[in-house]
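Q: I have a new model open and would like to learn how to read it feature by feature. Could you walk me through it?

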Amino acid sequence: MTVWERAVAALAARALDGGLLDSLRGESLSALSSEDAAARQARRTLEGRLTDGQAAALGRIETLYGENLSRCLRFGFSRGACACFEQQFSPDAPEDPFEEHVQQDLLTLPGMAREEAYCANRRVAAVQQEMLAAVLDKEGGEALFALCAFWDELEYGVLWRAFGLGYRAALALIDGAGMMPHGRAAAALRRFEARFAADASAPG
């Protein structure tokens, strides 16, 4: 393990201990307030239509999404910290580190397949959703789709917020070590912030 990998591990161990996931989930829910209200209504719509077995399947989907939220927190924070060090020290650092290290490495294939537990949860949740949708009426199917879309939005909100925190933590470590942050690292952070500026709860 390199010195910077050890630094990322140490940063993650300190930052991810405690209520950080609850905090980022809360920020994401605040930004998705209207979607959250719609998701709650969708959940109520489904509760009136599901048998016990179907309700258990919906609960399984929710559990899988919850597990992946925790994975997104650790993944996003660690990738954010690594991206900052990459911008600081590598002349070949990507223009858009979030796109390369999160969108491509976690949220789309083939990168997602390398994160086996996350990918497995997504696949099982998709199968459960398909099975439920097949037995629901039109209104119930639409409610299920809306609920799963909301969970996807919540996951994405936690993921990019964690990435931003990890990036800033690494930047602070670089500064605290007496090194001048490379202009490339600061510029990449500004681009990242601009990308998510439309969200009222954007980090920073």
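Q: Which side-chain oxygen reaches the backbone nitrogen of Phe98 at the start of H5?
A: Keep in mind that this is a predicted model. A side-chain oxygen of Asp96 comes to within 3.3 Å of the backbone nitrogen of Phe98, at the start of H5.

Q: Which residues of helix H5 are buried?
A: Helix H5 spans residues 97-107, and its buried residues are Pro97, Phe98, His101, Val102, Gln103, Asp105 and Leu106. These buried residues of H5 pack against H4, helix H6 (111-114), H7, H8 and H9.

Q: How many helices and strands does the protein have?
A: There are nine helices and zero strands. Read from the N terminus on, the order of elements is α-α-α-α-α-α-α-α-α. Of the 204 residues, 42% count as buried. For contacts between residues at least 6 apart in sequence, 80% join residues at least 24 apart.

Q: How should I read the confidence values?
A: Where pLDDT is low, the predicted coordinates should not be read in detail. Here the average pLDDT is 86, and 87% of the residues score at least 70. Among the elements, helix H1 (residues 3-15) has the lowest mean pLDDT, 63, while H7 has the highest, 96. Over residues 200-204 the pLDDT falls below 50, and beyond near neighbours in sequence this stretch has 13 contacts in the model.

Q: What should I look for in a nonpolar core?
A: In soluble globular proteins, nonpolar side chains tend to be buried together. The largest nonpolar core in this model has 28 residues, of which Leu46, Leu58 and Trp151 touch the most other members. Two or more residues come from each of helix H2 (20-31), helix H3 (33-47), helix H4 (52-89), helix H7 (116-135) and helix H8 (138-176). With nine residues, H8 gives the most to this core.

Q: Which residues does Trp151 touch, not counting those up to four places away in sequence?
A: Trp151 touches Leu58, Ile61, Glu62 and Tyr65 on that count. There is also a second, separate core of 24 residues, which includes Cys72, Trp160, Ala170 and Ala185.

Q: How do I describe a pair of aromatic rings?
A: A pair is described by the distance of the centres and the angle of the planes. The structure holds eleven aromatic pairs. In one of them, Phe163 and Tyr167 have ring centres 6.4 Å apart and planes at 40°, so the pair is tilted. Both residues lie in helix H8, four residues apart, about one turn of the helix.

Q: Why is the pair of Phe163 and Phe192 tilted?
A: The planes of Phe163 and Phe192 stand at 45°, with the ring centres 5.2 Å apart; an angle that is neither under 30 degrees nor over 60 counts as tilted, so this pair does too. This pair links distant parts of the chain, with Phe163 in helix H8 and Phe192 in helix H9 (residues 183-195), 29 residues apart.

Q: Are Phe163 and Phe192 buried or exposed?
A: Phe163 is buried, with a relative accessible area of 1%. Phe192 also counts as buried, at 8% relative accessibility. Both belong to one aromatic cluster, formed by Phe98, Tyr156, Trp160, Phe163, Tyr167, Phe192 and Phe196.

Q: What about polar residues, such as Gln87 and Asn68: where are they found?
A: Gln87 is found in helix H4, and Asn68 lies in helix H4 as well. Gln87 counts as buried at 0% relative accessibility, and Asn68 is buried with a relative accessible area of 2%. Not counting residues up to four places away in sequence, Gln87 touches Ala93, Pro94, Pro97, Tyr167, His182, Arg184, Ala185 and Ala188. With its neighbours within four places left aside, Asn68 is in contact with Ala117, Tyr118, Asn121, Arg122 and Glu155.

Q: How many disulfides are there?
A: A disulfide is a covalent bond between the sulfur atoms of two cysteines. In this model the count comes to zero disulfides. Cysteines are still worth inspecting: Cys119 counts as buried at 3% relative accessibility, and Cys148 is buried with a relative accessible area of 3%.

Conventions. Residues are numbered from 1 along each chain as its sequence is written. Side-chain values use heavy atoms; hydrogens and water are left out. A nonpolar core is a set of buried Ala, Val, Leu, Ile, Met, Phe, Trp, Tyr and Cys residues joined through side-chain atoms within 4.5 Å. Buried means under 20% relative accessible area, exposed over 50%, partly exposed in between (1.4 Å probe, protein chains only). Contact means heavy atoms within 4.5 Å. Rings of Phe, Tyr and Trp (its six-membered ring) pair if their centres lie within 6.5 Å; planes under 30 degrees apart count as stacked, over 60 as edge-to-face and the rest as tilted. pLDDT is the predictor's confidence in each residue, from 0 to 100. A polar contact is a pair of N or O atoms within 3.5 Å; within protein, one must be able to donate a hydrogen and the other to accept it, and residues adjacent in sequence count only if both atoms are side-chain atoms. A disulfide is a pair of cysteine sulfur atoms within 2.5 Å.
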